[in-house]
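Trainee: I've got a model open and I'd like to learn how to read it. Could you walk me through a few features?

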Amino acid sequence: STKELLKSIQGPDFPTGGIIINKKNLLNIYKTGVGKLFIQAKIQKIKNEIIIAELPYQTNKLNLIEKIKNLIKKKKILGITNITDETDKEGVRICLKLQNNAKKNLIINVLHKRTQTEIAYYVNMVALIQNKPQRLNLKKILTSFIEHRKNTIVNKLYYELEILKKKIHILQGLNIIHENITKIIEIIKLINVKKNFLEIINTHLELNNIFLSKEQLKTAIELPLHKLTKLEKKELCINIEKYTKQSNKYFEIIKNNNKLNEFLENELKDITKEFGDNRKTVIKENNNYTTQINPLVNVDKKIYTFIVTIDYKVCITTLHTNKKNFPFTKTHNKIKFIEFFKIPCEYILMFTNQSNFYKLKLKNFDTYDNKKNLIKLNKIKDLIKKNKIDKIIFIYETQELKQFILIITKRGIYKKII
């Protein structure tokens, strides 16, 4: 089963290292052949420094450094005084120098949230099976790979058999020539014709009961005379026996499935000895996974309201706003729709009477105006005009957004929203 296979196969090993932090997802990914992995950079905390030692797969180092510098300029990350690239032959090393009072964990959280020190790596295990693309689970990928390797080995052995067959054939011809070397030299001396030389020699040899194929005869003629005369029968017989044993061995591997499996196993062991190295990517289950929480938002216990007015003004405000600062005191600003929520809230999901779905990301919620406790969200004004909002759902940053949302109507019509 897939669970048993995972005892031997830990998970993906990326050439750039990094840390896979959602180990629990691996079982589902290997069962279904599709899923998402979260990969973090390897970060070390040393005195007043943060060292980025390994990067997630396909992360560009220069782009990452530039992104961190931009965040420092915009004051999205506080507490970093300098950033240096100390990468050498030993590996990646990006050094972030900190202030004495800097909060390291908070800075690391911001890096994971806003840069590529953490990425989502999407897995889609598709392979060509009989020239058709198929999504495979771990077990099927392994069995398909083994079958592919077996076919490759069989084709390779058939090719080797053909080469051995030709070698044995040539050596047998040289053996016949060695036994009749004197006669063959005399026949060659008598023939002065250049045209159809091989055919004429072969005819004369057959008259003397010496039978050779064109390949054997051509090899013999191309050899210098001193090499022909120095051929040793014992050496020829040893080579013929050696190549015959080798061809019999190959033929037995092709016909016997157990010996083919043994051959494949030995081949894989040899590859491991030659190219095997230590694992680079660490896999762990991060129970204190906090990078989904925006570290720049101050979590408090205040209740906030999401308000839509009759004239389609949209805003977020605290429940305890003073009447002087409350934006909807006038008669033309009567409330059409109101919902209550607490922060940190990352997404507001709005469902309309037309089965439409809008996702509003509150990424700048921490920048609200303290004087009025108000954020104007005019971007969705046009959307609300065209449709009536039936339901609003708040997705908090500490919650996981499911893979899809299913809407079902009274008449049995359903709509799946990714």
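Mentor: Let's go through the sheet, a helix, some charged pairs and one strand residue. Keep in mind that this is a predicted model.

Trainee: Okay, sheet first. In what order do the four strands of the open sheet lie?

Mentor: Read across the sheet, not along the chain. Here the order is β3-β4-β6-β5, with antiparallel pairing. At the edges sit β3 (42-46) and β5 (80-85), each of which pairs on one side only. On average, neighbouring strands are turned by 20 degrees against each other, ignoring direction.

Trainee: And how many bridges join β4 to β6?

Mentor: Four bridges link β4 (residues 49-54) with β6 (residues 94-98), and the two strands run antiparallel. If you want a spot to zoom in on, I50 stands opposite L96 in β6.

Trainee: Which strands does helix α3 touch?

Mentor: Helix α3 (residues 61-73) packs on the sheet and touches β4, β5 and β6. The direction of α3 makes about 165 degrees with that of β5. Then there's α4 (residues 104-114), which lies across β3, β4, β5 and β6 and runs at about 160 degrees to β3.

Trainee: Now a single helix. Which residues of α8 are buried?

Mentor: For a helix, look down the axis and see where the buried residues point. In α8 (residues 214-222), Q216, L217 and A220 are buried. Seen that way, the buried residues of α8 fall within an arc of 95 degrees, so they line one face of the helix.

Trainee: What's exposed on the other side of α8?

Mentor: That side has K214 and E222, both exposed.

Trainee: Charged residues next. How many salt bridges does the structure hold?

Mentor: The general idea is that side chains of opposite charge can pair when their charged atoms come close. This structure holds six salt bridges. One of them is between E86 and R93, where the closest N and O atoms are 2.7 Å apart.

Trainee: How accessible are E86 and R93?

Mentor: E86 is partly exposed, at 32% relative accessible area, and R93 also counts as partly exposed, at 30%. Another salt bridge joins E252 to K259, with the closest N and O atoms 2.7 Å apart. There too you'll find partly exposed partners: E252 has 40% relative accessibility, and K259 has a relative accessible area of 33%.

Trainee: I also clicked on K269 and E265. How far apart are the closest N and O atoms in that salt bridge?

Mentor: Those atoms are 3.4 Å apart. When both partners sit in one helix, count the residues between them. K269 and E265 are four residues apart in helix α11 (residues 257-275), so about one helical turn separates them. K269 is partly exposed at 45% relative accessibility, and E265 is partly exposed with a relative accessible area of 45%.

Trainee: Last one: is I20 buried or exposed?

Mentor: Buried: I20 has a relative accessible area of 0%. The cut-off for buried is under 20%, so I20 qualifies. You'll find I20 in strand β1 (residues 19-20).

Trainee: Which residues is I20 in contact with, beyond its neighbours within four places in sequence?

Mentor: Set those neighbours aside and look at what is left. I20 is in contact with P12, F14, L37, F38, I39, T281, V282, I283 and K284. Sequence distance and spatial distance are separate things to check: I20 and Q40 are 20 residues apart in sequence, while their C-alpha atoms are 6.5 Å apart in space.

Technical notes:
Residues are numbered from 1 along each chain as its sequence is written. This is a predicted model: local features need pLDDT of at least 70, side-chain atom pairs count only at pLDDT 80 or more; totals for chains, interfaces and linings use all residues. Side-chain values use heavy atoms; hydrogens and water are left out. Two strands pair if DSSP finds at least two bridges between them. Axes are lines fitted to C-alpha atoms, for helices over the stretch in contact, and angles run from 0 to 180 degrees between N-to-C directions. Contact means heavy atoms within 4.5 Å. Buried means under 20% relative accessible area, exposed over 50%, partly exposed in between (1.4 Å probe, protein chains only). The arc is that of the directions from the helix axis to the C-beta atoms. A salt bridge is a side-chain nitrogen of Lys or Arg within 4 Å of a carboxyl oxygen of Asp or Glu.
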